[in-house]
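Please examine the model shown below before reading on. The paragraphs that follow treat a pair of helices and then some unusual points of the backbone.

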Amino acid sequence: MNLKSTHLLCVVLALAAGVSSPAQLTAKNAMAKLSPGINLGNTLEAIPEATSWGNPVPTEAYMKAVRKAGFRSIRIPAAWTQYSDADHNISDKWMSHVYNVVTMATKADLYVLLNVHWDGGWMQSTYAAQPKANAKLRKFWTQIATKFRNAGEKVMFAGTNETGVDGVYGPPKPENAEVQNGYNQVFVDAVRATGGKNRNRFLVVQGYNTSIEDAVKFNAVLPKDSAKNRLMMEVHYYSPYNFTLNEKSNIWQWGATATDPAATETWANEAYCDREFKTMTTTFVEKGVPVILGEYCCGFKPNFPGMRKYQLLWDEYVTQSSVKHGMVPMLWDTGSLFNRTTGEVQDKELLQVLIAAARPAKRS
């Protein structure tokens, strides 16, 4: 008996014994299969070119290193407008490049979440912008989904990213929320219409500006979908901003172990994080809708070397809390955790913290 026949016989015997192939991705097992995740940030979404923000062309070595380290999924933010013509036809060269990067990731056994990122900010959540944005969004996703129509379940799509109104912060007006819900619907309809494996592919929709509070209040009703239980909700978490992202702020401590109230946003502590995530659990997870924490991270302020302790504490706690509340944590990384060419780990301390914090959902 040759090797091919032996393999076939083993498969038949395994099926006869009731041993099935690895379980398909479902709403129930999504957190375990996708967690933890990481972002290929500042790369395919960079402007005006994919290497403009300091990162090299992605490599197989990087993808393999990410998977080996314990990550199970990778979010790939992507820009499309700069690679398309006036009629929104995406160039074959760019589409092929994105396809190749996604394929590198899936070959490394990573689930992939591909999106239309900021992309110049053309998706404003206003009635005035909606007609043109709908047409462009539909055309983009028709092309992207057609390219990936036969890709396996490890490829997922997210329709938008942090869509809001430029310069306007805080809760959306009814108009803004309605337009975001409309963008979600256009995205789902466009992908499903391309057929093939897209008929049942997991799709990720977003809350207004990826805000947890706004998703719960304004986006709890998901788009209509021809596929059953194949939608996920995405939000982001960077609270408190003055600690995590605002480089000009003197806030450098966080959480229960902070010693200086003047250096701490005392409202945005562990309890606040848990309360925020709990609302996603009750609004989505407990109703069978997986939640992707598509971005979260904490920067470091060199002027406050003592911040490193609190930076690691924040990353650890947010990761743990997201997993505890049934969410998939996807760290926002712009090239600091791994060498993007060789895959060498560049921040072993942070990596150890992240993987350990996500351990309840980690699978080998």
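What covers the buried residues of α5? The cover includes α4, β3 (111-115), β4 (155-158) and α6 (174-193). This is a predicted model, in which local features need pLDDT of at least 70 and side-chain atom pairs count only at pLDDT 80 or more, while totals for chains, interfaces and linings use all residues. Residues are numbered from 1 along each chain as its sequence is written, and side-chain values use heavy atoms, with hydrogens and water left out. Helices (H or I, at least four residues) and strands (E, at least two) are DSSP runs, numbered from the N terminus.

Among the buried residues of α5 (under 20% relative accessible area) are L137, F140 and W141.

Two packed helices are described by the angle between their axes and the distance between the axes. Helix α4 (residues 92-107) packs with α5 (residues 130-147) at about 50°, and their axes are 11 Å apart. Such axes are lines fitted to C-alpha atoms, for helices over the stretch in contact, and angles run from 0 to 180 degrees between N-to-C directions. In the contact (heavy atoms within 4.5 Å), M95, S96 and Y99 of α4 meet Q143, I144 and K147 of α5.

Most residues other than glycine have a negative phi, and most peptide bonds are trans. The bond from S35 to P36, however, is cis, with omega near -5°; P36 belongs to the loop between α2 (30-34) and β1 (37-39). Another cis peptide bond joins I47 and P48, with omega about 5°. N229, not a glycine, has a positive phi of about 55° and lies in the loop between α7 (212-218) and β6 (231-237).

Note on methods: Buried means under 20% relative accessible area, exposed over 50%, partly exposed in between (1.4 Å probe, protein chains only).
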